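User: Hi! Could you walk me through this structure before I head back to the bench?
Analyst: Happy to. Here it is.

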Amino acid sequence: MNVTLRQLSAFVAVAETGSFTLAAERLCITQSALSGLIKELETSLGLRLFDRSTRRLRLSDTARELYPQIEKILHDLDGVVSEVGKLKALQRGSVRVAVSQLLACTLLPELMAGFRAQHPGVQLRLVDCAVESVMARVFSGEVDMGIGPEREANSDIAAEQLFSLPFMAVMPPGHALARRRTLQWHDLSGQSLITLQGQFTELLVSDVGEAARGLHKENFMQVTFMTTALALVRAGLGLTLCIPYARSLVEQFGLVMRPVGGPVVERSFWLFTRRGRALSPAAQEFRSFLQQRLRTSLLC
């Protein structure tokens with residue numbers, strides 16, 4: 001059996017209008033083409049669909065039973081096509097994003113608000129988590145994409161750099177180093193440093209290189225979240241290091257930031273997606289929005 005949508009549409013049009021002429025006009029085809037579609041459908045089904053006479057055209061008893069089901073099929077298909085159109089036009093859709101906790105409470109909310117203003121019909125879901133689990137959330141399919149600092153390559157994850165910014169030292173405004181406009185890494189020698197657990201500290205010491213001789217990793221106080229580190233700095237228990245995008249949060253804690261050079265050490269942040277998994281139109285648009293905003297206005 002080889003039944004086509006054009007044949008079903010022709011059947012419904014004739015059934016609703018009661019006329020081959022009117023049905024052909026509705027479908028914008030010739031009457032002969034319409035008759036051909038009906039004949040093909042009757043042949044495929046092995047059923048007579050219309051009882052014809054010189055005066056009237058009416059559904060056969062069998063066709064009368066089939067009509068509600070065929071009409072529902074076409075109605076459901078119209079609904080699917082309409083929904084696809086809404087998704088493509090970004091009138092509907094959803095985007096799930098996993099980000100590190102610091103990004104979640106500093107940079108992402110304003111970006112999400114900007115996207116929502118442009119596309120109010122798209123639902124955004126933010127999953128805030130530890131840095132080390134961002135890629136795992138992407139891999140599992142829990143989210144469409146993840147944003148976080150660079151991590152070891154994964155063959156199942158595609159990574160695209162969004163931006164790169166230098167480390168800055170964070171301290172109370174009354175700290176002796178706060179009187180300087182810029183610092184060198186050797187200025188931090190002998191200071192109690194509060195850093196993040198995992199690859200944060202290892203990558204930092206490695207990137208600083210020879211200038212890190214005075215920094216003793218074994219003496220670092222390591223915590224899970226930057227908010228904890230900032231609270232400890234505010235309590236006078238040491239200094240910490242973070243990226244400039246967190247300035248608003250640093251200032252909420254009543255702290256100040258100073259750039260550190262000799263050498264300048266930058267940390268890059270990346271967009272992670274799952275290879276072989278197509279993004280929805282809404283997710284594609286959100287990715288483009290992030291790329292544009294983060295590479296231009298927000299981080300200039």
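Analyst: A word on surface first: accessible areas come from the Shrake-Rupley method with a 1.4 Å probe, and for residues, only the protein chains shown count as cover. This is a predicted model, where local features need pLDDT of at least 70 and side-chain atom pairs count only at pLDDT 80 or more, while totals for chains, interfaces and linings use all residues. Residues are numbered from 1 along each chain as its sequence is written, and side-chain values use heavy atoms, leaving out hydrogens and water.

User: Thanks! How much surface does the chain expose?
Analyst: About 16000 Å², and carbon and sulfur atoms supply 50% of that.

User: And what box do the C-alpha atoms fill?
Analyst: Roughly 105 × 35 × 25 Å along the principal axes. The chain's radius of gyration is 32 Å, whereas a compact globule of 300 residues would have one near 19 Å. That radius is taken over C-alpha atoms, and the globule rule is 2.2 Å times the number of residues to the power 0.38.

User: How many helices and strands are there?
Analyst: The chain has 11 helices and 13 strands. These are DSSP runs numbered from the N terminus: helices are H or I with at least four residues, strands are E with at least two.

User: Which residues touch the most others in the largest nonpolar core?
Analyst: Among the 65 members, they are Val-95, Met-145, Ile-147, Trp-185, Leu-188, Tyr-245 and Phe-286. Helix α11 (residues 281-295) gives the largest share of this core, six residues. Another core lies apart from it, with 19 residues including Leu-8, Phe-11, Val-12 and Leu-41. A nonpolar core here is a set of buried Ala, Val, Leu, Ile, Met, Phe, Trp, Tyr and Cys residues joined through side-chain atoms within 4.5 Å. Buried means under 20% relative accessible area, exposed over 50%, and partly exposed in between (1.4 Å probe, protein chains only).

User: Switching topic: is Ser-60 buried or exposed?
Analyst: Ser-60 counts as buried because its relative accessibility is 6%. Its place is in the loop between β2 (57-59) and α4 (61-88). Leaving aside neighbours within four places in sequence, Ser-60 is in contact (heavy atoms within 4.5 Å) with Arg-48, Leu-49, Phe-50 and Asp-51.

User: Where does Arg-137 lie?
Analyst: In helix α7 (residues 134-140). Arg-137 counts as partly exposed, because its relative accessibility is 24%. With the same sequence neighbours left aside, its contacts are Ala-98, Val-127, Cys-129, Glu-142 and Val-143.

User: How far apart are Arg-137 and Leu-37 in space?
Analyst: They are 51 Å apart, C-alpha to C-alpha, and 100 residues apart in sequence.
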